[in-house]
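Here is a walk through some of the local geometry in this chain, from a helix cap to sheet order and a few odd backbone spots. Keep the viewer open as you read.

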Amino acid sequence: MTTIRLTAAQAMIRWLSAQMTEEGEPFIAGCWAIFGHGNVAGLGEALEGARETMKTLRGQNEQTMAHAAIAYAKQLGRRRAMMVTSSIGPGATNMVTAAGLAHVNRLPVLLVPSDVFAGRGPDPVLQQIEDFGDGTLTVNDCFRPVSRYFDRITRPEQLLTALPRAMRVMTDPAECGPVTLAFCQDVQAEAHDWPEAFFEPRIWYRRRPAPDAREVARVADLIRQAKAPVIVAGGGVHYSGACEALQAFATRFAIPVVESQAGKSALAFDDPYNFGPVGVTGASSANTVCRDADLVIGVGTRFQDFTTGSWALFQNPDRALVSINVAAYDAMKHGAEPLSADAKAALEALSEALGDHRAPAPPADLKLAWFASVDPLTDAPDEGDNALPTDAQVIGAVQRGSGRDSVVMCAAGTMPGELHKLWKAPRPGAYHMEYGYSCMGYEIAGALGIKMAEPERDVICMLGDGSYMMANSELATAAMMGMSFTVVVTDNRGYGCINRLQVASGGAEFNNLYASSNLSNPPAIDFAAHARAMGAEAVKVGSIAELEAALAERGGKTGPYVVVIDTDPYPSTPHGGHWWDVAVPEVSNRREVQSARAAYDDQLKARR
């Protein structure tokens, strides 16, 4: 056996560089890195030596670097992924939030935090957390519950099994998610004689698990018997590349489709069988169809509470539930009839089984009524109207300035709910929402990751001032990399979304908007000046007309372009939506809370 002598870190990077997609590209598209004492001498040296085969990217914060990597994988439908490395200690724990985000959203990312010395000679090392009762624990054990696969590399030769296991998880459609390889810092620098065959290129094919014939038959029988079926499209439709298959299935069998946050844009907004967004932030058209449905067919959805209205949305007493999902865990949720398979393969098998079946025609007037009710909300205000713009009006301006190649993205705050209701996605992949974890701070880093994944797209990041303040540092990274995308910051002077929820739950406005916080001075944050200081081109606008004019100029900009506009924190789209289970206190001196609790108890009775 021919061997080659390399350090463990050099071997890791060399092996990862040889793992290829079906299209002939490296599966790991690059490594985001912030070096510290735990990884600069080991992985840092290895990455520098492999800079021709593994691109290394420098970010400003370990969490947001990982967000960019995750957004990259999401936008590409999990076909490729990225690696993120940090030093031991705070650099590592900064990535734990991103690992949780990737785990919830079933997205691949390879996290390689440095770890303690396996040999324990210099214990405790700088930034080491010591457990008084367990000498094997390190701070990286925080990654265990938020990783699909976790391993601690304490000897070089462990990579021979750990790396293939990591790739299996990241490329497995059923188990896909974050992988953490905690890499002991002394082991990174240790040499080993590696079999040369270990580094031969390997292609990782995207598997499409086929459905079981018996499950297909049972689900087909349920569809034939249904008088009012509905399909709930989730993110798995995108990951499977099943958007065309779903469109063909819905059209052939006359079954309306509603979209979760992750599933939105599975069908174009104007497709006759797309009845719009579903659930808490859903359209009245979609929620009415779901309320009356006798068969709910989930395709690639986790059935999150926002999608199901905390399981109070589906009110038909004869309702049955089907879950088409590549993950058996999701296919069996809430007593569903499972069809555990790839979404595209399952839809094709069902099409064959259903033959010439056709469901009763869905009520098309519901969709027309929905657009008639909400379209005016996105119109520009009348000239001379000096009121602060609403978020709906901002969305309307961005929509009018966008095109078929645009990708609108967001994650947290007011915008996700408003975009879910109001944004008209013209094609699959035109809507990128991280709402499984709804992580404030994902937005700017995520926009960078999307642009890296699809540089030809017009990427528009929409976020509030709260999310901007929480994580904006990768704006500087984007400027230094020359990555062009647009950031629209709606400044409502605090956490407007959660303030509305607070009031709706009977609470007093408290600690959300700056005006109701314990502050000595009102905010005077110049977001445009801040963005310019980090290298972006930025402008503050005073009206919807000025916003549209500013957006019209973005085509000639190089690098990130930030547009800031003040908005009213109180209004939200009054149409559509559904109850969401947010527990209201049983005991309170506030009459508003008492009233909200009574309404809450009534809603609980409606949940099935």
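## A capped helix

Start at Asn61, which caps the N-terminal end of helix H3: one of its side-chain oxygens sits 2.8 Å from the backbone nitrogen of Gln63. Bear in mind that this is a predicted model, and that goes for everything below. H3 itself covers residues 62-75, and its 14 residues reach 20 Å from the first C-alpha to the last, close to the 20 Å expected at 1.5 Å a residue.

How much of H3 is covered? Mostly covered is the verdict, with 14 of its 14 residues buried. Past the helix comes Gly77, with a positive phi near 65°.

## The sheet around E11 and E14

Next up is an open sheet of six strands, paired in parallel, in the order E13-E12-E11-E14-E15-E16. Strand E13 (274-277) and strand E16 (337-340) are the edge strands; each has a single partner strand, so one side of each goes without a neighbour in the sheet. From one strand to the next, the twist averages 20°.

In the order given, E11 comes next to E14. Strand E11 (residues 229-233) and strand E14 (residues 295-299) run parallel and are joined by five bridges. If you want one pair to click on, try Val232, whose bridge partner in E14 is Gly298. Helix H14 (residues 343-354) packs on this sheet, where it touches E14, strand E15 (320-325) and E16. The direction of H14 makes about 125° with that of E15.

## The sheet around E20 and E22

Another open sheet of six strands, again with parallel pairing, has the order E18-E17-E19-E20-E22-E21. Which strands stand at the edges here? They are E18 and strand E21 (537-541), each with a single partner strand, so one side of each is left without a neighbour in the sheet. The twist from one strand to the next averages 20°.

Strand E20 (residues 486-491) and strand E22 (residues 561-566) run parallel, with six bridges joining them. Within that pairing, Val488 has Val563 as its bridge partner in E22. Helix H23 (residues 544-552) lies across E20, E21 and E22, and runs at about 175° to E22.

## A cis peptide in a loop

Between Asp123 and Pro124 the peptide bond is cis, with omega at about -10°. Pro124 belongs to the loop between strand E6 (109-115) and strand E7 (149-153), and Asp123 is found in the loop between E6 and E7 too.

Is Asp123 buried or exposed? Neither, quite: its relative accessible area is 31%, which makes it partly exposed. Setting aside neighbours within four places in sequence, Asp123 is in contact with Phe117 and Gln128. For a sense of scale, the C-alpha atoms of Asp123 and Thr486 are separated by 47 Å, and the two residues are 363 residues apart along the chain.

## Two serines with positive phi

Ser310 isn't a glycine, yet its phi is positive, at about 55°. You'll find Ser310 in the loop between helix H12 (305-308) and E15. With a relative accessibility of 5%, Ser310 counts as buried, because the cut-off is under 20%.

Ser438 is another non-glycine with a positive phi, this time about 45°. Its loop is the one between strand E18 (431-433) and helix H18 (442-453), and E18 is an edge strand of its sheet. How accessible is Ser438? Its relative accessible area is 27%, so Ser438 is partly exposed.

## Cysteines without bonds

How many disulfides does the structure hold? The count is zero. Take Cys176: the closest cysteine sulfur, in Cys243, is 17 Å from its own, which is too far for a bond because a disulfide needs the two sulfurs within 2.5 Å. Cys176 is buried, too, with a relative accessible area of 2%.

Cys290 is likewise in no disulfide, and its nearest cysteine sulfur, that of Cys243, is 18 Å away. The relative accessible area of Cys290 is 0%, so it counts as buried.

How values were computed. Residues numbered from 1 in each chain as written. Predicted model: local features only at pLDDT ≥ 70, side-chain atom pairs only at ≥ 80, totals over all residues. Heavy atoms only, no water. Pairing = 2+ DSSP bridges. Helix = DSSP H or I, 4+ residues; strand = E, 2+ residues; numbered from the N terminus. Axes fitted to C-alpha atoms, helices over the stretch in contact; angles between N-to-C directions. Contact = heavy atoms within 4.5 Å. Buried < 20%, exposed > 50% of the residue type's maximum accessible area, 1.4 Å probe, protein only. Expected span 1.5 Å × (residues − 1). Polar contact = N/O pair within 3.5 Å; in protein donor to acceptor, adjacent residues only side chain to side chain.
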